[in-house]
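Student: I have a structure to read and would like to learn how to look at a helix and at charged pairs. Could we go through them one feature at a time?

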Amino acid sequence: MPLDATPPFGPTALASMVPKARPASPIMARGFAAPAIPVARPRLPDARAILPYLQEIDANHWYANHGLLWLRLQSRLAAHWGVAPEAVALTANATLALALALRASRVAPGRKCLIPAWTFVATAGAAREAGLVPHFADVDPATWALDPDAVAAREDLAEIGAILVVAPFGMPLDTARWDALSARTGIPVVIDAAAAFDALRAGGPMRPGSSPVIVSLHATKAFGIGEGGAVLSQDAEWMERLRRLSNFGFLGSREAMVAGTNAKMSEYTAAIGLAALDAWPETRAGWQAISRHYAEALADDARIALSPGFGGDWISATLSVLWPAEGPEDAAELAREGIGTLRWWGDGCHRHPAYADCPRDPLPVTDFLARRVIGLPFWRDMTATQVAYICGVAQRLAGQGAAPPRPRRAAALRATA
């Protein structure tokens with residue numbers, strides 16, 4: 001039963017939801033049972049919306065290998081992003097797309113790939129899949145992303161074969177600055193915009209430039225279709241290499257001109273994508289509403305900081321906040337109150353055993369964020385009362401102390417040490 005179904009909101013009302021025979025649990029710690037609120041609840045188009053497209057597949061007898069639904073989805077996504085259809089390529093998932101984008105950029109195997117330590121492991125995994133060595137760099141404390149000026153000032157650029165930039169949690173990036181850096185240095189830039197489906201929309205705050213951009217269509221994203229990825233590039237020659245690499249090295253013939261792989265999206269996945277696009281205006285409005293509820297609830301609280309740009313002219317499917325203290329104990333207390341949390345990027349990509357041997361810069365900002373960033377429940381069907389409950393508990397746990405410290409660049413930290 002959703003919280004909104006039991007007014008007035010409060011311990012007495014919440015307790016009335018609990019069956020008398022219910023065994024004790026940690027959620028009962030405050031004397032009443034808080035309903036469990038998961039950190040995420042993906043929602044894709046229902047079967048009725050997908051069925052007409054599945055019937056087209058049945059009629060066409062075309063199930064994979066760049067079918068009619070695949071072609072239609074590619075064209076409709078291109079229109080959504082305001083680019084030509086040939087500037088979009090669809091893939092089985094975004095991680096493969098990132099790896100193939102690095103290969104299409106002709107980065108020699110064994111070279112270093114500069115990536116932010118503050119990211120999901122798929123970013124580093126894609127670099128490894130492309131035969132590159134991830135080199136972890138710190139992020140800007142104001143944006144949680146790599147800073148192109150800081151990258152341009154590095155003394156080891158001659159050792160860097162590619163730069164893999166991440167749009168953190170879908171936050172728009174200034175692609176023109178990265179394009180300019182790539183043109184000036186000759187180092188290919190690939191943009192991991194996994195969660196930036198909406199920010200990239202035509203007329204939106206993030207415009208694709210000359211550097212390729214990769215978007216995830218995973219079920220956990222604001223526009224999710226289960227599994228899938230999309231590549232945006234307005235460089236026709238580069239896109240031809242990407243398409244070959246994603247189709248065994250074939251393009252217009254049965255001759256493998258390069259050693260490619262199978263990264264094709266099936267017609268069944270395209271069917272879900274088309275149904276999801278049909279519902280996108282309603283879907284986006286739902287994400288906007290829940291974003292607004294959170295932004296309003298936390299707007300005047302200096303103790304709990306929303307992730308950079310949250311509540312602006314773009315939407316994401318996750319909400320991460322900067323907690324005023326290191327988070328594990330408070331995350332456990334949130335769980336006892338029935339509130340699910342998730343540290344989406346954990347301790348930072350560099351902390352995973354698989355990447356412990358990778359070169360890295362000093363990472364004070366990443367380490368700071370890793371200790372304090374907590375993902376709160378955020379999904380499209382949440383109610384205003386659920387958000388009020390979550391924010392109320394979070395604010396109580398955050399206490400009445402001063403605003404949380406803010407991460408600073410390594411140079412500033414060394415100066416005050």
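Student: Which residue caps the N-terminal end of α8?

Tutor: This is a predicted model, and in it Asp-235 takes that role, with a side-chain oxygen placed 3.1 Å from the backbone nitrogen of Glu-237. Just after α8, Phe-248 has a positive phi of about 65 degrees.

Student: Is helix α8 largely enclosed or left open by the rest of the structure?

Tutor: To judge this, one looks at each residue's relative accessible area, where a value under 20% counts as buried. Helix α8 spans residues 236-246, and eight of its 11 residues are buried, so the helix is largely enclosed by the rest of the structure. Those buried residues are Trp-238, Met-239, Arg-241, Leu-242, Arg-243, Arg-244, Leu-245 and Ser-246.

Student: Which elements do the buried residues of α8 pack against?

Tutor: They pack against two helices, α3 (68-81) and α4 (94-104), and against two strands, β1 (88-91) and β7 (229-232).

Student: How should I read a single residue of α8, such as Met-239?

Tutor: Begin with accessibility and then list the contacts: Met-239 has a relative accessible area of 3%, so this residue is buried. Leaving aside neighbours within four places in sequence, Met-239 is in contact with Glu-86, Ala-87, Val-88, Ala-89, Val-231, Leu-232 and Ser-233. One of these, Ala-87, is 152 residues from Met-239 in sequence, yet the two C-alpha atoms are 7.4 Å apart in space.

Student: How many salt bridges are there, and where should I start?

Tutor: The count comes to 20, and a useful habit is to ask of each pair how exposed its partners are. Arg-48 and Asp-46 form one, with the closest N and O atoms 3.0 Å apart; Arg-48 is exposed at 69% relative accessible area, while Asp-46 is partly exposed at 38%.

Student: Are Asp-198 and Arg-201 buried or exposed?

Tutor: Asp-198 is buried at 1% relative accessibility, and Arg-201 is buried too, with a relative accessible area of 13%. The closest N and O atoms of their salt bridge are 3.1 Å apart, and both residues belong to a network of salt bridges that also includes Arg-284 and Asp-313.

Student: Which parts of the chain does the salt bridge between Arg-351 and Asp-367 link?

Tutor: In this pair the closest N and O atoms are 3.4 Å apart, and the bridge links distant parts of the chain, since Arg-351 lies in the loop between α11 (328-336) and α12 (364-372), whereas Asp-367 lies in helix α12, 16 residues apart from Arg-351. Arg-351 is partly exposed, at 48% relative accessible area.

Conventions
Residues are numbered from 1 along each chain as its sequence is written. This is a predicted model: local features need pLDDT of at least 70, side-chain atom pairs count only at pLDDT 80 or more; totals for chains, interfaces and linings use all residues. Side-chain values use heavy atoms; hydrogens and water are left out. Buried means under 20% relative accessible area, exposed over 50%, partly exposed in between (1.4 Å probe, protein chains only). Helices (H or I, at least four residues) and strands (E, at least two) are DSSP runs, numbered from the N terminus. Contact means heavy atoms within 4.5 Å. A polar contact is a pair of N or O atoms within 3.5 Å; within protein, one must be able to donate a hydrogen and the other to accept it, and residues adjacent in sequence count only if both atoms are side-chain atoms. A salt bridge is a side-chain nitrogen of Lys or Arg within 4 Å of a carboxyl oxygen of Asp or Glu.
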